[in-house]
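Some labels attached to a model rest on a cut-off. The questions below ask how each label follows from its value.

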Amino acid sequence: MILIHPCHLLYLKNHSILTQTITATISPPPFLFSCLILDAEEDSMGTAGVRGTQGFHEGEFYWEIIFTEPAFGTAVMVGVGTRKALLHTTNYQYINMLGMDDQSWGLSYKGTLWHNGTSQQYCQPFYENNTRIGILLNLYVGTLTFFKDGVNLGVAFKDLHHVGEDLYPLACSTAAETELELGVRSSRKLRLQDKCYSTILRHIGHNDNNIDILPLPHTMKHVLKVDRHNARL
C-alpha cells in the first residue's frame with residue numbers, strides 16, 4: 001500500500017511560497033527513499049511546511065523522517081494534521097507551526113510536543129546527524145507515538161480517532177535549507193475477522209467464562225482468549 005503519495009517541495013523566496021510537485025515512490029521492501037527539502041534561497045523569511053497528499057482515517061501507519069543534518073532554529077518538526085493545518089508563514093514569523101492550533105500535532109527537535117498552542121516536554125532534544133524519528137499513527141485506538149533511532153518514546157497524543165477528519169503526515173521548519181529524508185514506510189489494516197474479535201472483547205467483560213458460553217467454534221474462542229491475554233501484557 002502506498003503510504004505517502006506525491007509531496008511538495010516548498011521554497012521561501014521573496015516573501016512568497018513557490019511549490020514544485022515531486023513523486024515520492026514507495027515500493028515493497030527494500031523501500032525507496034525520497035527527500036523533503038524546505039529551502040530558502042538566502043535567509044529564512046518564515047516557517048515552511050510540507051504535507052503528504054494521502055490522508056489516513058483507518059488503520060495503523062508508520063513512517064520515518066531522517067534528519068540528515070543537525071536541526072537548528074526555532075523549530076524543525078514532524079507530526080500529523082488535518083487538511084486545515086497551516087503549511088507556511090511569511091513576514092518573518094518563526095513558530096512551532098505543527099500544533100499551533102487544534103488542526104495538527106507535532107514533535108519539535110527540541111523534544112517538545114505541541115498541540116492547540118500548548119507544549120510539554122516529551123523527550124531529550126535531538127541534534128545529531130542522521131537522527132531517525134519514527135511516527136506511528138494508530139487510528140484504531142487513536143494514538144500517535146514517536147520513536148528515536150528505533151527506541152519507542154511512548155504515546156505522545158491520544159484520541160486522534162475522534163478527530164473526524166483524515167490525518168496527513170506533516171513536517172515543517174523555520175531554518176533555511178532544511179533537508180529531511182523519508183525512510184521506511186509501512187501500514188496495516190485489520191481484517192474483518194480481527195475487527196469482529198475486537199468488538200466482542202469490548203462487550204463481554206473480563207471473565208474468560210464469558211467467552212466459553214459464546215455460540216462460537218472452539219477455535220474462535222481460543223483466538224479470543226489469546227487476544228485478551230496479549231492485550232493485558
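Helices are DSSP runs of H or I with at least four residues, numbered from the N terminus. This is a predicted model, and glycine 205, just after helix 1, takes a positive phi of about 85 degrees.

Q: How do you know that the span of helix 1 agrees with its number of residues?
A: The expected span is 1.5 Å times one less than the number of residues. For the 12 residues of helix 1 (residues 192–203) that gives 16 Å, and the end C-alpha atoms are 17 Å apart, so the two agree.

Q: How many aromatic pairs does a search of the whole structure find?
A: The search finds 7. One of them joins tyrosine 62 and phenylalanine 147, with 5.8 Å centre to centre and 85 degrees between the planes. Tyrosine 62 is in strand 5 and phenylalanine 147 in strand 11, 85 residues apart.

Q: Why is the pair of tyrosine 62 and phenylalanine 147 called edge-to-face?
A: Ring centres must lie within 6.5 Å to pair, and planes over 60 degrees apart count as edge-to-face. The values of 5.8 Å and 85 degrees meet both terms, so the label holds.

Q: Why are tyrosine 62 and phenylalanine 147 called buried?
A: Buried means under 20% relative accessible area. Tyrosine 62 has 18% and phenylalanine 147 has 15%, so both count as buried.

Q: What makes arginine 51 lie over the face of tyrosine 168?
A: CZ of Arg must be within 6 Å of the ring centre and within 35 degrees of the ring normal. Arginine 51 is at 5.8 Å from the ring centre of tyrosine 168, so the distance term is met.

Note on methods
Residues numbered from 1 in each chain as written. Predicted model: local features only at pLDDT ≥ 70, side-chain atom pairs only at ≥ 80, totals over all residues. Heavy atoms only, no water. Helix = DSSP H or I, 4+ residues; strand = E, 2+ residues; numbered from the N terminus. Phe/Tyr/Trp six-rings, centres within 6.5 Å; stacked < 30°, edge-to-face > 60°. Buried < 20%, exposed > 50% of the residue type's maximum accessible area, 1.4 Å probe, protein only.
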